[in-house]
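Q: Please take a close look at a single part of this protein, one strand and its surroundings, and set it in the context of the rest of the fold.

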Amino acid sequence: MTTTKTTLALCCLPALLLSLACSSSKDDKSNTGATTEKYLGIEMPTDGFMVKNTGRTIAAGDDAEYCEVSEIPGKPTDTYYVNRLEFGNGDHSHHLIVNAALPGGAAEAKLATMKIGDQVPCLSSQGAFGDGFEFMGGIQRPYGDMSFPAGVGRVYHGGQRIVFDFHYYNTSDKDVEARSAVAFHLTDEANVKHIAQVIGFNNFTIDTPPGQQAKFTGECTFSQDMLVSSITRHTHRWGTDYSVWWQGGADDQQLIWTSHNFEEDTYHPFDAPRLMKKGEGFKFECDYDNTETHALTFGPNATDEMCILFSIGWEANDGEAYTKQDCNITQIGSDGIGHVVDISTFPKPTAEQVQSCKDNSASLSSGCSDCACNTCAAVIDQCVSDADCSPILDCVRQTGCQQADCAGACADVINQHSPGTGKLIQIASCLGAACPSVCSGAPAGADAGAN
């Protein structure tokens, strides 16, 4: 059996996966909306403003992802009520995710030490700069439009730092320029009674052998009453059919939508916002046709795969605070369906796995070592035995990196062994579910407020 290793630094992994140098400067007239000129397919707003990133050159054949620091124009006393966001990316873009730093968070503090236009290799804004972001939106095509229903919108402030997480996969034989932008369309304060949230349901259990077809089903439910206006699929190019059903409620197991194309048919709006009661949610299935010579597992690169269901929603009950609803599926139950982490679904370790784990956990407290090894040693051993997961685990363990540092400290290793990230997230999820009271630094989003 391969030697088992554990580390508290695994708390950083869930955050690693999952948004012009002065483009937002006050004297940049291109952002004022005074012209109808288009940029990346977006017309300069006459009812708002646009923020652009500096971007960079992506060499032919490169698969690269960067997080760039930017800023919303205006002074901190300027409040913007937004009812529509448009996103643009250049040719050969794989995805764009834009995140806004929330006041008082670790991300805001970290970004305040950086300059507009600073870039770092990343897998996510959270992985690069720490917790404390609001997911503004994103696209996996060159253009996207996020319009909110009546009475729903977003609120931003002048000087608020934002991050462009742009991923380009340049399959051409020439260099390309990686450029990104987001346009803010403004409305009156009275028109924003609810704050729209982008909710992600992530199935990390996908694993399609080379040359084979496979399908993976997951279920996620809400932990509070929610109103949901739309759903969006996210897979990479080997994803074929993608189906979504209601989970719970009067329409339990009824099919909502089947998408047949990962690029052209990704968004399904509802005719009216749908009330989802606490305990209700979605079942979703991702189908794959692996035409490659390597297995397709969950990973951040364009040569990996993903299975994510996004939805736009907000709390249904007036006066009730929103609770984060994201859901991470890391184990498949006896029914063949992936569920949010339940410690009973993780494989029970053998005595040999437990002992090997304890032998290699000298840096942990006895309480943490006992809990982690007695519960999660089998999951850890699966990672250590995997050619891609083990090198990433070694890097996290050896560097002792924390959440805001791992993407940078282990960027090269993660990029080279990206198919191993799904298995590594399973370890973090197991530790967070089993040992949050005795092992400090439980994984962010291990239970994520969803059921």
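A: A disulfide is taken here as a pair of cysteine sulfur atoms within 2.5 Å, and by that criterion the structure, which is a predicted model, holds seven disulfides. The protein has nine helices and 27 strands, and of its 451 residues 56% count as buried. Its accessible surface comes to about 17900 Å², of which 48% belongs to carbon and sulfur atoms.

The part chosen for the close look is strand β16, which covers residues 197-203. Seven of its seven residues are buried, so the strand is largely enclosed by the rest of the structure; buried, in this account, means under 20% relative accessible area. In a regular strand the side chains alternate between the two faces of the sheet. In β16, Q197, I199, F201 and N203 point one way, while V198, G200 and N202 point the other way, and all of these residues are buried.

The neighbours of β16 in the sheet can be described in turn. Strand β25, residues 308-315, is joined to β16 by six bridges, and the two strands run antiparallel; within this pairing, G200 stands opposite F310 of β25. Strand β26, residues 327-332, is joined to β16 by three bridges, and here the two strands run parallel. In that second pairing N203 has I329 of β26 as its bridge partner. G200, with its partner in β25, and N203, with its partner in β26, point opposite ways from β16.

Strand β26 also leads from this part of the sheet to one of the disulfides, in which C327 is joined to C220 with an S to S distance of 2.0 Å. The torsion about this S-S bond is about -70°, so the disulfide is left-handed. The pair links distant parts of the chain, with C220 in strand β18 (residues 213-221) and C327 in strand β26, 107 residues apart. Both C220 and C327 are buried, and so a strand that is bridged to β16 also carries a buried cysteine of this cross-link.

For context, two further disulfides may be set beside that one. C371 is joined to C435, again with an S to S distance of 2.0 Å, and a torsion of about -95° about the S-S bond makes this disulfide left-handed. C371 lies in helix α5 (residues 366-384) and C435 in the segment after α9 (421-434), so the pair ties together parts that are 64 residues apart in sequence. C371 is buried at a relative accessible area of 17%, and C435 is buried at 1%. The other disulfide joins C383 to C389, with an S to S distance of 2.0 Å; the torsion about its S-S bond is about -95°, so it is left-handed, and both C383 and C389 are buried.

A contrast with the buried strand is offered by A150, which lies in the loop between β10 (143-147) and β11 (151-157). At 84% relative accessibility, A150 counts as exposed, whereas the residues of β16 are buried. The C-alpha atoms of A150 and N83 are separated by 8.3 Å, although these two residues are 67 residues apart along the chain.

Notes
Residues are numbered from 1 along each chain as its sequence is written. This is a predicted model: local features need pLDDT of at least 70, side-chain atom pairs count only at pLDDT 80 or more; totals for chains, interfaces and linings use all residues. Side-chain values use heavy atoms; hydrogens and water are left out. Buried means under 20% relative accessible area, exposed over 50%, partly exposed in between (1.4 Å probe, protein chains only). Helices (H or I, at least four residues) and strands (E, at least two) are DSSP runs, numbered from the N terminus. Two strands pair if DSSP finds at least two bridges between them. Accessible areas come from the Shrake-Rupley method with a 1.4 Å probe; for residues, only the protein chains shown count as cover.
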